[in-house]
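Q: Could you take a close look at the salt bridges in this model for me? I'd like to know which side chains pair up, where they sit, and how buried or exposed the partners are.

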Amino acid sequence: MSACLTRGILTISVDLEIDVAHVGLAGGREIEELTARLLELFARYEMPATWAVADPAVSAAREPLAAARSGHELAILGDASWVGRAAGRGRFARELERRAARARAEGWPVDTLVLKTVLPIDHCDLAIKEGIIAARHLSAAHSDGSPRRLQPQSLRFGLWAFPVSITLPGTSRWLPGGGGSRAARFAIDEAISGKGLVHFVVDAPRLAARGRSGVRELVRVVEHAERRRRHGLLEVATLGATARKLARENHGRPSHSILRPAA
């Protein structure tokens with residue numbers, strides 16, 4: 001089931017974790033400094049973002065986000081070690097329950113699961129059981145690499161899947177900061193014209209490695225979004241908030257109980 005939106009929506013998620021793919025790019029101190037800069041940028045325009053971390057209860061981002069007033073959300077960042085067909089249903093259930101319970105105990109309700117792999121469709125009930133209503137795939141879901149609008153999809157039972165439109169910074173070797181801002185601005189305008197959703201991922205370790213030029217590219221995108229929002233053409237929301245909005249719009253559709261044991 002595809003979403004039916006009344007105007008363009010921009011969602012931004014920031015992936016903060018340093019994993020094998022990011023070794024040598026940036027360290028913890030650089031990520032903390034970048035987090036502070038991004039929070040300042042989003043606060044300037046009162047824009048919320050979804051911040052993805054491996055374990056929200058122990059993340060260094062908790063306190064800065066708690067102090068912010070822009071409606072940010074913390075999301076669980078899952079990788080192939082516990083998410084996906086190879087990891088199995090039981091491991092997924094245990095790891096997700098542990099992370100979600102710890103976050104709730106620390107006062108952080110978690111609505112969103114950010115994926116580094118594909119969530120099996122028959123694991124959706126386990127996500128719903130832990131209060132997850134939004135799932136985001138890490139990789140852009142278009143085959144030709146063009147920055148076209150991609151709609152959220154209802155997977156099952158109220159769990160919404162959000163494909164990635166563009167990842168920032170870009171991968172250009174020639175453009176300052178890796179580029180990507182022009183394509184991102186185009187994608188925003190395309191979402192507006194089509195009353196659709198555009199979702200940007202900020203790869204924090206790579207952005208930190210790009211330095212000031214990479215941040216400037218992101219600033220251009222945020223400023224463009226603010227101009228469109230100021231004219232009433234665009235809404236900016238977290239993934240969790242967008243999923244709740246979509247759920248309200250689809251509240252009249254029949255639902256079924258699908259909770260079953262993990263193993």
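A: Let's fix one term before we start: a residue is called buried under 20% relative accessible area, exposed over 50%, and partly exposed in between, using a 1.4 Å probe and protein chains only. Keep in mind that this is a predicted model, where local features need pLDDT of at least 70, side-chain atom pairs count only at pLDDT 80 or more, and totals for chains, interfaces and linings use all residues. Residues are numbered from 1 along each chain as its sequence is written, and side-chain values use heavy atoms, with hydrogens and water left out.

Quick backdrop first. The protein chain has eight helices and ten strands, taken from DSSP runs (H or I of at least four residues for helices, E of at least two for strands) and numbered from the N terminus. Of its 263 residues, 51% are buried. Looking at contacts (heavy atoms within 4.5 Å) with a separation of 6 or more, 75% are between residues 24 or more positions apart.

Now for the salt bridges, meaning a side-chain nitrogen of Lys or Arg within 4 Å of a carboxyl oxygen of Asp or Glu. The structure holds 19 of them. One links D55 and R98, with 3.8 Å between the closest N and O atoms. D55 sits in the loop between β2 (50–53) and α2 (62–67), while R98 belongs to helix α3 (residues 89–105), so this pair ties together parts that are 43 residues apart in sequence. D55 counts as buried because its relative accessibility is 12%; R98, at 34%, counts as partly exposed.

Helix α7 (residues 212–230) gives you a local kind of pairing: E217 and R220 both lie there, three residues apart, about one turn of the helix. Their side chains meet in a salt bridge at 2.3 Å, N to O. E217 is buried, with a relative accessible area of 10%, and R220 is partly exposed at 37%.

Helix α7 also holds E226 and R230, four residues apart and again about one turn of the helix. The closest N and O atoms in the E226–R230 salt bridge are 3.9 Å apart. Here E226 is buried at 14% relative accessible area, whereas R230 is exposed at 54%. Beyond single pairs, salt bridges that share partners join D55, R91, E95, R98, R99 and R102 into one network, so the D55–R98 pair that ties the loop to helix α3 has its two residues in that network too.
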